Amino acid sequence: SQSRLQSTFNAAPVGLSIVKDRVWLAVNETYCDIMGYTESEMVGKSTQILYENEDERNRVGRDLYEHLWDSGISTVEARHVRKDGEIRDIFLRASPVNRDDASRGVVVAIEDVTRRRCIERTLQNSEERHRSIIENIPEGYYEVDIAGCFTFYNESLCNILGYEKNEMLGMNNRDFVNQINAKKLYRVFNK
């Protein structure tokens with residue numbers, strides 16, 4: 001029923017809107033909270049107010065709407081500007097209200113993924129920094145899989161063992177120790 005759909009629209013934990021020709025026909029409270037606008041500041045207005053520049057607006061429009069009517073669902077990530085000027089990373093997912101009637105508009109759901117993207121960038125930077133440290137230390141460093149085969153190692157280990165870097169991938173660490181030390185290593189790694 002219409003009232004059930006309206007309640008779902010209003011209670012959704014993601015931003016929801018109905019858009020036609022890139023103008024908001026309706027927005028829920030979550031959408032307003034994410035973007036910092038009131039409903040009256042958005043409904044009837046162009047989505048242009050959310051974009052840093054025309055190029056970003058055109059990219060998002062092209063990526064979101066290009067195959068929407070064929071596939072029925074489309075997604076894109078965008079950078080939106082909140083009312084207070086803060087830039088947010090937004091994941092958008094759109095679906096036509098009625099695939100046979102474009103005049104009915106499109107339902108667009110948004111999720112603010114700014115924090116997630118920040119964490120991902122921080123993690124990537126940390127991984128790159130640690131990899132750089134490991135690659136540049138003079139000591140040999142390696143990682144093995146459950147069978148003891150090398151999965152990662154630095155150039156120093158190759159130099160110590162006398163192998164080219166591409167030769168060692170898949171070799172077993174037990175190939176480089178005597179049987180007594182191989183047993184000790186096995187006990188240490190399997191505690």
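These are my notebook entries on a predicted model of one protein chain.

**Entry 1. Overall form**

I began with the secondary structure and found 9 helices and 7 strands in the protein chain. I then looked up the radius of gyration, which is 27 Å, whereas the globule rule gives 16 Å for 191 residues; the chain is therefore more spread out than a compact globule. For the extent of the C-alpha trace along its principal axes, I noted about 75 × 35 × 30 Å.

Next I asked what share of the 191 residues counts as buried. The value is 32%. I also checked the contacts with a separation of 6 or more, and recorded that 33% of them come from residues 24 or more positions apart.

**Entry 2. Surface and charge**

I looked up the accessible surface of the protein chain, which comes to about 12400 Å². Carbon and sulfur atoms account for 51% of that surface. I then counted charged side chains: 26 are positive and 31 are negative. The centres of the two sets lie 5 Å apart.

**Entry 3. The β1–β2 hairpin**

I turned to strand β1, residues 15–20, and strand β2, residues 23–27. The two strands run antiparallel and are joined by 4 bridges. They form a hairpin with 2 residues between them. At the end of β1, I found Lys20 opposite Val23 in β2.

Which residues of the loop have a positive phi without being glycine? I noted Asp21, with phi near 55 degrees, and Arg22, with phi of about 60 degrees. Asp21 is found in the loop between β1 and β2, and Arg22 is found there as well.

I then asked of each residue whether it is buried or exposed. Asp21 has a relative accessible area of 68% and is exposed. Arg22 has a relative accessibility of 15%; since buried means under 20%, Arg22 counts as buried.

**Entry 4. Pairing around β5**

I followed β1 to its pairing with strand β5, residues 106–112. This pairing is antiparallel and has 5 bridges. Within it, I recorded Leu16 opposite Ala109 in β5.

Strand β4 also pairs with β5 in the antiparallel sense, over 7 bridges. Here I looked for the bridge partner of Arg93 and found Ala109 in β5. Ala109 thus appears in my notes twice, once opposite Leu16 and once as the partner of Arg93.

**Entry 5. Ser95**

I placed Ser95 in strand β4, which covers residues 87–96. Its relative accessible area is 27%, and Ser95 is partly exposed. Leaving aside neighbours within four places in sequence, I listed the contacts of Ser95 as Leu68, Gly72, Ile73, Val106 and Val107. Of these, Val106 and Val107 fall within the residue range of β5.

I also took the C-alpha separation of Ser95 and Ser71, which is 8.9 Å. These two residues are 24 residues apart along the chain.

**Entry 6. Glu143**

I located Glu143 in strand β6, residues 142–144. With a relative accessibility of 35%, Glu143 counts as partly exposed. Which residues does Glu143 contact, leaving aside neighbours within four places in sequence? I recorded Cys149, Phe150, Thr151 and Phe152.

As a distance across the model, I looked up the C-alpha atoms of Glu143 and Val76. They are separated by 37 Å, and the residues are 67 residues apart along the chain.

**Entry 7. Asn173**

I found Asn173 in the loop between α8, residues 165–168, and α9, residues 179–189. Is this loop residue buried or exposed? Asn173 has 8% relative accessibility and counts as buried.

Not counting residues up to four places away in sequence, Asn173 touches Tyr142, Val144, Gly148, Phe150 and Leu185. Tyr142 and Val144 belong to the residue range of β6, and Leu185 belongs to that of α9. Phe150 is a contact of Asn173 and also of Glu143.

My last look-up was the separation of the C-alpha atoms of Asn173 and Asp33, which is 55 Å. Along the chain these two are 140 residues apart.

Technical notes
Residues numbered from 1 in each chain as written. Predicted model: local features only at pLDDT ≥ 70, side-chain atom pairs only at ≥ 80, totals over all residues. Heavy atoms only, no water. Rg over C-alpha atoms; globule rule 2.2 N^0.38 Å. Buried < 20%, exposed > 50% of the residue type's maximum accessible area, 1.4 Å probe, protein only. Contact = heavy atoms within 4.5 Å. Areas by Shrake-Rupley, 256 points an atom, 1.4 Å probe, with all protein chains shown as cover. Lys, Arg positive; Asp, Glu negative; His and termini not counted. Charge placed at Lys NZ, Arg CZ, Asp CG, Glu CD. Pairing = 2+ DSSP bridges.
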